[in-house]
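This note is addressed to a colleague who is beginning to read protein structures. Please keep the sequence and the model in view while working through the numbered points.

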Amino acid sequence: MIANTFGFLALVSLIIPGFLAVNLLIPKESLPMKFSLSYLFGGSLITLALFSINLLLGVQLNLINSWIIYVIVTFSLLLFNSLRKFSFQIEPKRVFDKVSSLSVFEIILGLLLVWFLLSALITSFWFPVTDWDAITLFDYRATVILTTGSVRGVLFEASLFEYPFYTTLLHFWTRLNGL
């Protein structure tokens, strides 16, 4: 149970560098838009950093090195944001005013959206994808990277066009952190 919690937190932690990157790219965009892009950007940045640093510099991918890479990427983005005078403030009164001004239709749509997101999340935890082809390949490649500490062993073994390496590195990230 604790390992699952750390793995889940490792996946959620990808939102932080993603949010910082999105804020650099589109600083004037709304907060919901920034958060909606955060996980995709964060996952992409971290897996690209893991891949590049391992392939180009030969740094072994283990728990300590992977988290050091994560921290370096995140603090670099935080530094760039602070140089741009990044300020992020939530005013509770303003948020409450916006929520209280929603129509009944908008509230129902919002509740339906939350219901669908929660049901998808709960369903994916209790009944995960079991398609043997993709899951086996992604998990196998992630396990090889976890065991060897290098992407070189699996980089040219399987087709990267049919089974993208991004998913393998996300599987590596979650396995590395206990999920």
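1. What percentage of the 179 residues of the protein chain count as buried? The figure is 28%. The reader should bear in mind from the outset that this is a predicted model.

2. The overall make-up of the chain can be stated briefly. The protein chain contains 9 helices and 0 strands, and its pattern along the sequence reads α-α-α-α-α-α-α-α-α. Consider next the contacts between residues at least 6 apart in sequence: 73% of them join residues at least 24 apart. As for the surface, about 12,000 Å² of the protein chain is exposed, and carbon and sulfur atoms supply 74% of that area.

3. Helix 3 deserves careful inspection. This helix covers residues 31-57, which makes 27 residues. From its first C-alpha to its last, helix 3 reaches 36 Å, close to the 39 Å expected at 1.5 Å a residue. Where does helix 3 bend? The bend is at S38 and amounts to about 40°. After helix 3 comes G58, a residue with a positive phi, near 75°.

4. The buried side of the account of helix 3 follows. Its buried residues are K34, S38, G42, G43, I46, T47, A49, L50 and N54. S38 therefore appears twice in this note, as the site of the bend and as one of the buried residues. Which helices are included in what covers the buried residues of helix 3? They include helix 2 (15-25), helix 4 (63-83), helix 8 (152-155) and helix 9 (165-176).

5. N54, in helix 3, may be examined as a single example. Is N54 buried or exposed? Its relative accessible area is 2%, and buried means under 20%, so N54 is buried. A polar atom of the N54 side chain lies 2.6 Å from the backbone oxygen of V59. The N54 side chain also reaches the backbone oxygen of G149, at 3.1 Å. Leaving aside residues up to four places away in sequence, N54 touches V59, Q60, L61, G149, S150, V151 and R152.

6. M33, also placed in helix 3, offers another case to examine. The relative accessible area of M33 is 37%, so this residue counts as partly exposed. The C-alpha atom of M33 is separated by 9.9 Å from that of F19, although the two residues are 14 residues apart along the chain.

7. Aromatic rings form a further topic. How many aromatic pairs does a search of the whole structure find? The search finds 4 aromatic pairs. In one of them, the ring centres of F19 and F35 are 4.8 Å apart and the planes stand at 25°, so this pair is stacked. Because F19 lies in helix 2 and F35 in helix 3, the pair ties together parts that are 16 residues apart in sequence. F19 counts as buried, at 9% relative accessibility, whereas F35 is partly exposed, with a relative accessible area of 43%.

8. A further pair is formed by W67 and Y70. Their ring centres are 4.9 Å apart and their planes are at 70°, so the pair is edge-to-face. Both residues lie in helix 4, 3 residues apart, about one turn of the helix. Why might such a spacing be expected to bring side chains together on one side? An α-helix has 3.6 residues a turn, so residues three or four places apart point the same way. At 28% relative accessibility, W67 counts as partly exposed; Y70, at 6%, counts as buried. Ring pairs also link W67 and Y70 with W173 into a cluster.

9. Helix 9 closes the list of points. Its 12 residues should span 16 Å at 1.5 Å a residue, and its end C-alpha atoms are 16 Å apart, which agrees. How many of the 12 residues of helix 9 are buried? The count is 9, so helix 9 is mostly covered. The buried residues are F165, T168, L169, L170, H171, F172, W173, T174 and L176. W173, a member of the ring cluster with W67 and Y70, is thus among the buried residues of helix 9. Just after helix 9, G178 takes a positive phi of about 100°.

Note on methods: Residues numbered from 1 in each chain as written. Predicted model: local features only at pLDDT ≥ 70, side-chain atom pairs only at ≥ 80, totals over all residues. Heavy atoms only, no water. Helix = DSSP H or I, 4+ residues; strand = E, 2+ residues; numbered from the N terminus. Expected span 1.5 Å × (residues − 1). Bend = angle between axes of the 7 residues up to and from the residue. Buried < 20%, exposed > 50% of the residue type's maximum accessible area, 1.4 Å probe, protein only. Contact = heavy atoms within 4.5 Å. Phe/Tyr/Trp six-rings, centres within 6.5 Å; stacked < 30°, edge-to-face > 60°. Areas by Shrake-Rupley, 256 points an atom, 1.4 Å probe, with all protein chains shown as cover. Polar contact = N/O pair within 3.5 Å; in protein donor to acceptor, adjacent residues only side chain to side chain.
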